[in-house]
Amino acid sequence: MTGDHTALHAGLGAWFAAEARPLPWRAADTTPWGVLVSEIMLQQTPASRVEAPWREWMTRWPTPGDLAAAPVDEVLRAWGRLGYPRRALRLRQSATAIVERHGGVVPEDEAALLALPGIGRYTAAAVLAFAFGRRSLVLDVNIRRVLARYHRGVEHPAAHETADERREALAFVPDRDADAALWSASAMELGAVVCTARSPRCGDCPVSEGCAWLAAGRPAWEGPARVAQAWEGTDRQCRGRIMAALRATEAAVPLTDIAWPDEAQLLRAASGLVTDGLARQTPEGLRLP
DNA sequence: AATGCGTGGAA
DNA sequence: TTTCCAAGCAT
């Protein structure tokens, strides 16, 4: 291991022990299922918004079997406004698969986790590390940004991961299982609360001394311009509008009740929701499945 | 491999 | 006010 690896490890460990947010899914008595649920909810979603729904879900559906037995419409209502409701659908499908294929126990096996719907490389690695204390390559946007700055001296990670980046990141993961899991949690936390995308708090950073980006004077990003995601007037916005209406009532909702300027787009969005299994068409209108 | 997929809070 | 972006995944 090179010098900047060990410096990053030493500084991060002490900082995490003192400063980590008391997020509920980090409690010692959280089950692997609880960790899995948290990781799905956290995909593209800030931790602060996940806390309340995660608590509710763990009380209501404490095991995979409980969620697998729940009606889909209840699951989608409990998901509420977390966003990307397909995640809720896939989480329930994962619960079913865990019951059917793994006896109701979250598998401690990367290939088995990857085979579950809604679980990709990041989430499988995170469950291995945070639920089972195993060494894995937890590479999310936070850790990618921390390493881009600290190790490579650039402000942002590239738009897409490369094999080289994964190899480079793996070299930072400590060898022992427990050390590796703790390091991953620490690096993520640093990226989430100090080494942030927009206004990094380098003055509060425990590893600023070894940071290549800071040493270079925090040079501005020179890579390809980052594409902004459109929102106003998109199908996504329209789908969100429809889902909000469906969650708000047990009754079927006629599309004419949904205020949307483009009728063709409204029909297309509704049809897409049905295709995705997020809605059901009835003679009286649209409703949750 | 580039896109589509929700939502709300901070800057 | 607008813009940016958040513990990604599937196709």
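A residue counts as near a strand if one of its heavy atoms lies within 4 Å of that strand. With that cut-off in hand, open the model, which is predicted.

**Stop 1: DNA strand C**

Select DNA strand C and the 29 residues around it; those that come nearest are Leu 42, Gly 118, Thr 123, Asn 142 and Arg 198. By class, the residues of this surface divide into 13 nonpolar, 7 polar and 9 charged. On the DNA side, 63% of the strand C atoms within 4 Å of the protein belong to sugar or phosphate, and the rest belong to bases.

Next, show the side chains that make polar contacts. Start at Arg 198, where a polar side-chain atom lies 2.5 Å from a base oxygen of DNA strand C. Then go to Gln 229: an N or O atom of its side chain is 3.4 Å from a base nitrogen of DNA strand C. Finish at Arg 145, which has a polar side-chain atom 3.3 Å from a phosphate oxygen of DNA strand C. Colour by element now: helix 2, helix 8, helix 9 (141-152) and helix 11 each give two or more residues to the surface near DNA strand C.

**Stop 2: helix 8**

Select residues 121-132. This is helix 8, with 12 residues, and from its first C-alpha to its last it reaches 16 Å, close to the 16 Å expected at 1.5 Å a residue. Which residues of helix 8 are buried? They are Tyr 122, Thr 123, Ala 124, Ala 125, Ala 126, Val 127, Leu 128 and Ala 129. Thr 123 is also among the residues that come nearest to DNA strand C.

To see what covers the buried residues of helix 8, add helix 2 (32-42), helix 7 (110-114) and helix 11 (177-193), which are included in that cover. Then step just past the end of helix 8 to Gly 133, where phi is positive, at about 65°.

**Stop 3: DNA strand B**

Switch to DNA strand B and the 17 residues around it, of which Tyr 84, Pro 85, Arg 236, Arg 239 and Gly 240 come nearest. Of the strand B atoms that come within 4 Å of the protein, sugar and phosphate account for 56%. The surface here has 4 nonpolar, 5 polar and 8 charged residues.

Which element gives the most to this surface near DNA strand B? Select residues 235-247: helix 13 does, with 5 residues.

Three contacts remain to display. At Arg 86, a side-chain N or O atom is 3.0 Å from a sugar or linking oxygen of DNA strand B. At Gly 240, a backbone N or O atom lies 3.5 Å from a phosphate oxygen of DNA strand B. At Arg 247, a polar side-chain atom lies 3.3 Å from a phosphate oxygen of DNA strand B.

Notes
Residues are numbered from 1 along each chain as its sequence is written. Chains are lettered from A and ligands numbered from 1 in the order in which they are written. This is a predicted model: local features need pLDDT of at least 70, side-chain atom pairs count only at pLDDT 80 or more; totals for chains, interfaces and linings use all residues. Side-chain values use heavy atoms; hydrogens and water are left out. Helices (H or I, at least four residues) and strands (E, at least two) are DSSP runs, numbered from the N terminus. The expected span of a helix is 1.5 Å times one less than its number of residues. Buried means under 20% relative accessible area, exposed over 50%, partly exposed in between (1.4 Å probe, protein chains only). Contact means heavy atoms within 4.5 Å. A polar contact is a pair of N or O atoms within 3.5 Å; within protein, one must be able to donate a hydrogen and the other to accept it, and residues adjacent in sequence count only if both atoms are side-chain atoms. Ala, Val, Leu, Ile, Met, Phe, Trp, Tyr, Cys and Pro count as nonpolar, Asp, Glu, Lys and Arg as charged, and the others, Gly among them, as polar.
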